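Q: Hi! Could you walk me through a couple of spots in this structure?
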Amino acid sequence: MRWMLLLFAAAASRSVWDGVYSKEQAGRGQTAYNSKCARCHGEALLGGEDSPPLVDKDFLEKWNGKSVGNLVELTRKTMPADGPGKLSRKECIDIVAYLLSANGFPAGSGDMTADASVLDEIVFQPKP
Amino acid sequence: MKRLLTTSILLGLSTVLMDAQNGAAKGEWRFYGGDAGSTKYSPLDQINASNVKKLEIAWRWKAENFGPRPDYNWEVTPLMVGGVLYFTAGSRRDAVAVDAATGETLWMYRLDEGERGDRAVRTQNRGLAYWTDGKSDSRILLISPGFQLIALDARTGRPIPSFGKNGVVELTEGLDRDVVKPGQIGSSSPAIVIRDVVVLGAALQAGSAPISKTNVPGYIRGFDVRTGKRIWTFRTIPHPGEMGNETWEKNSWEYTGNTGAWAPLSGDEELGYVYIPVEMPTGDFYGGARWGDNLFADSLVCLDAKTGKRIWHFQTVHHDLWDWDLPTAPILADITVDGKRIKAVAQITKQCFIFVFDRVTGRPVWPIEERPVPQSKVPGERTSPTQPFPTRPAPFDRQGVTIDDLIDFTPQLRAEAVKILAQYQIGPMYLPPAVRDADGKLGALNLPHHTGGANWPGGAFDPETGMLYVSSITNPDNLALVVADPKRSDMGYIAAQGGRGGQSPAPQGGMPRFNGEGQTRPNIGPQGLPLVKPPWGRITAIDLNSGEHVWVIPNGDAPDAVKNHPALKGVDLSKAGKPERSPLLVTKTLLFGADGSGLFNAGPGAGGKIFRAIDKKTGAIIHELALPASTTGVPMTFMIDDKQYIVVATGARGTPAELVALAIP
């Protein structure tokens, strides 16, 4: 029981600064982003055509305190806006890995997991 | 058999028989806009006020399995020639031929373009162009998502080997750029064929927050319909020595791009002219890197179809900072003004003006005045001191926000609206975008906002009565700029929030941010309601002989999400109008409209299933019919085997696109 609590505490303390995705995964995400998202959000993720930016102040303020799992689920359920629900969960996770990379969060050694309970514990926060 | 006979007779007719401005002839629909003049008018009268209530669905054609994923927002209008409908379908923009009486698929053409198709700059598709030599040669012209021009045999759907390279012409060449990358340029609207020349424009990446001031120019080009050879190029951004080059200061003509024509084009076969509604240059809301008037951006340009030579032009916005480029096909209209017959062209604009010209000479039918406009305070910007204001017809929707425009359903809502308004800079038309938080304001509140009062659905013109019907929305939004991070963009300033800069102070407990499964443009008024008074969507009837407005009707009632808002209990919203542009078709007997798609930047609750037959003279609703989903394209009509049909594209989030054919059983 104590072991499980410790594990939970360890998981809960993770943030986007902890190397939660791999470079390769961000690369896959960039390819998917360019074909599925860039049309509206722009090649440099600055937003456009009434779509919000996915980098820098506006994006980070909006997501501060929320989880990577939230972002994956929002993407999966609502994007692309003209035909939502057609991106696979894996594609969404790869795309989010690319967003993390584009926003300057460090890559780690392994891919971001598909485990929703883990993703829900990875939190956007300012640089520690 | 009768239908086959009709087909062969029609194939024998010369294209000259089709007047540009007299509507779709012979019960057919040979152009995206009905005729080359984009009137969206048909002289058919079988469906009329006395029997329209009997309209039923005759057949449905499902686009779900065309393209790698279902299309929901199908902006198509089919062509009908000789009993066959021709249209584009699906997210790969396949070309399809369908039996017009039964909906049976006759052929389909699919081009897998790989990465250039996947990265297409525009996924929408509005349709095709048709051409025949009047004998045995009839062709369908398709612009692919990856920007190639394909000529297909209209009978078989097979590419014409003698056209271009095995039926395909590369469109990314000849644009004065060494490299054109996939996803930089494409088109969502069809080409038009005038005097055996295929004329086409281009759509480019949206310019709200571009990565660079450097982009590909969207030149207008003409191609031989028989061989695919490029005959001419009209540089919408002129080079030195060409007219207008001096309106691009500091050599900005060298690098600036966009300035295409993303809306459908019109033409006059008799005059041999094409009419081009030109887009704005790169950078929707900041022009610090392109000082000057920027000709031929935001201009209606008349070109000789055979040579591409400029006949006349008129710039509707100088040095555009509002994304108010020309959104819809110019409408060719023969009108009588003060007893004088005029071959006119009417250009509907996003900023809710209609510019009317003699289409032979380019002279304004009514005076257009250059008036002083507010000037930008954004560093590096240089606003045009004046903008053109047509003196007639009056604007078809509201322009600029004042305190009197705010919703006042209850004193509390009104008080909240006043507080919200105080967060923004407000002013008259052409209030320039402002840097976010400058002068303690969130930005500049613009009405209409940058997708306009009107947009691509435009309007419809009745050549028998001279009436022009226009659909528009009333929805302000904030134009706020932020400094572009030089690591990401060399623009200097880009739009905050992609040009959707408005913020409602109390969204929670108000309107849903999401319309079904997908995101919509949020309202910025109190408790998530619209900020300004209804109607939020309308249709205006304008007599183009006099320039007078004849009637205005709301586009149906308010969206359910507004009607059911707790703060509006007991308020009559039956004439508030759905916040979407009604796609319009006019026939000898009726005007047809619909709730619209609600899929492109529309407010919460926009769109709906209702299709309407409207009295042309009074605007009275004669009949309402619920379709399987929202109307996403402009309806068209035709006659086959003595039966009149109306065909319209439908779809909604979660409901894949289909064509619905209506007829009286």
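A: Sure, we can chat about one glycine and then one strand of chain B. This is a predicted model, where local features need pLDDT of at least 70, side-chain atom pairs count only at pLDDT 80 or more, and totals for chains, interfaces and linings use all residues. Residues are numbered from 1 along each chain as its sequence is written, while chains are lettered from A and ligands numbered from 1 in the order in which they are written.

Q: Great, where does B:Gly499 lie?
A: B:Gly499 is in the loop between strand E31 (493–495) and strand E32 (514–515) of chain B. Strands here are DSSP runs of at least two residues, numbered from the N terminus.

Q: And is B:Gly499 buried or exposed?
A: B:Gly499 counts as buried because it has 30 C-beta neighbours inside 10 Å. The cut-off for buried is 20 or more other C-beta atoms within 10 Å of a residue's own, exposed is 12 or fewer, and partly exposed is in between, with C-beta atoms placed from the backbone.

Q: New topic: how many residues of strand E18 of chain B are buried?
A: Five of the five, residues 273–277, so E18 is largely enclosed by the rest of the structure. B:Tyr273, B:Tyr275 and B:Pro277 point one way, and B:Val274 and B:Ile276 the other way.

Q: Which strands pair with E18(B)?
A: Strand E17 (residues 266–268) pairs with E18(B) in the antiparallel sense over three bridges, and strand E19 (residues 299–304) does so over five bridges, also antiparallel. Pairing needs at least two DSSP bridges between two strands.

Q: What is the bridge partner of B:Val274 in E19(B)?
A: That's B:Leu303.

Methods. Helix = DSSP H or I, 4+ residues; strand = E, 2+ residues; numbered from the N terminus.
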